[in-house]
Amino acid sequence: ISQSSLIKIIKRKIYPHTVIINIPISIIQLFIGERSLILNNKIILNAEKLNDTGFSCKYNTVEQVLDKK
């Protein structure tokens with residue numbers, strides 16, 4: 001799951017009336033400097049390796065976790 005898809009899921013499930021504003025990374029770099037790398041890292045999480053080893057989660061998707069709230 002990517003950071004942007006996680007934000008969209010949280011918006012849809014918990015804060016449906018929220019407006020998501022896309023801010024250019026150059027503006028973020030101007031204000032917070034090198035810490036902006038955390039927000040612009042393009043990391044996507046995948047649990048496939050965990051599933052291949054037999055690990056099982058209580059919830060299979062982020063939506064299931066947020067529905068239990």
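Throughout this tour, contact means heavy atoms within 4.5 Å. The model is predicted.

**The whole chain**

Begin with the complete protein chain in a cartoon representation. Five helices and zero strands are assigned, and the order along the sequence reads α-α-α-α-α. The radius of gyration is 16 Å, well over the 11 Å given by the globule rule for 69 residues, so the chain is more spread out than a compact globule. Next, display the C-alpha trace and turn the view along its principal axes, where the trace spans about 45 × 30 × 15 Å.

**Surface and charges**

Switch to a surface representation. The protein chain exposes about 6300 Å², of which carbon and sulfur atoms supply 60%. Colouring by burial should pick out the buried residues, which make up 6% of the 69 residues.

Then select the charged side chains. There are 10 positive and 5 negative charges, and the mean positions of these two sets lie 9 Å apart.

For an overview of the contacts, consider pairs of residues at least 6 apart in sequence: 61% of such contacts join residues at least 24 apart.

**First stop: Ser36**

Select Ser36, which belongs to helix 3, residues 36-39. Is Ser36 buried or exposed? With a relative accessible area of 2%, Ser36 falls under the 20% limit and is therefore buried.

Now show the side chain of Ser36 together with the backbone of Gly33. A polar atom of the Ser36 side chain lies 2.8 Å from the backbone oxygen of Gly33. Extend the selection to Ile25, Ile28 and Gln29: Ser36 touches these three residues when those up to four places away in sequence are not counted.

**Second stop: Tyr59**

Move along the chain to the loop between helix 4 (48-52) and helix 5 (62-67), where Tyr59 is located. The relative accessibility of Tyr59 is 27%. This value lies between the 20% and 50% limits, so Tyr59 counts as partly exposed.

Which residues are in contact with Tyr59, once its neighbours within four places in sequence are left aside? Select Gln64, Val65 and Lys68 to display these partners of Tyr59.

**Closing view**

Finally, show both stops together on the cartoon. Ser36 is buried in the model, whereas Tyr59 is partly exposed; Ser36 is found in helix 3, and Tyr59 in the loop between helix 4 and helix 5.

Technical notes
Residues numbered from 1 in each chain as written. Predicted model: local features only at pLDDT ≥ 70, side-chain atom pairs only at ≥ 80, totals over all residues. Heavy atoms only, no water. Helix = DSSP H or I, 4+ residues; strand = E, 2+ residues; numbered from the N terminus. Rg over C-alpha atoms; globule rule 2.2 N^0.38 Å. Buried < 20%, exposed > 50% of the residue type's maximum accessible area, 1.4 Å probe, protein only. Areas by Shrake-Rupley, 256 points an atom, 1.4 Å probe, with all protein chains shown as cover. Lys, Arg positive; Asp, Glu negative; His and termini not counted. Charge placed at Lys NZ, Arg CZ, Asp CG, Glu CD. Polar contact = N/O pair within 3.5 Å; in protein donor to acceptor, adjacent residues only side chain to side chain.
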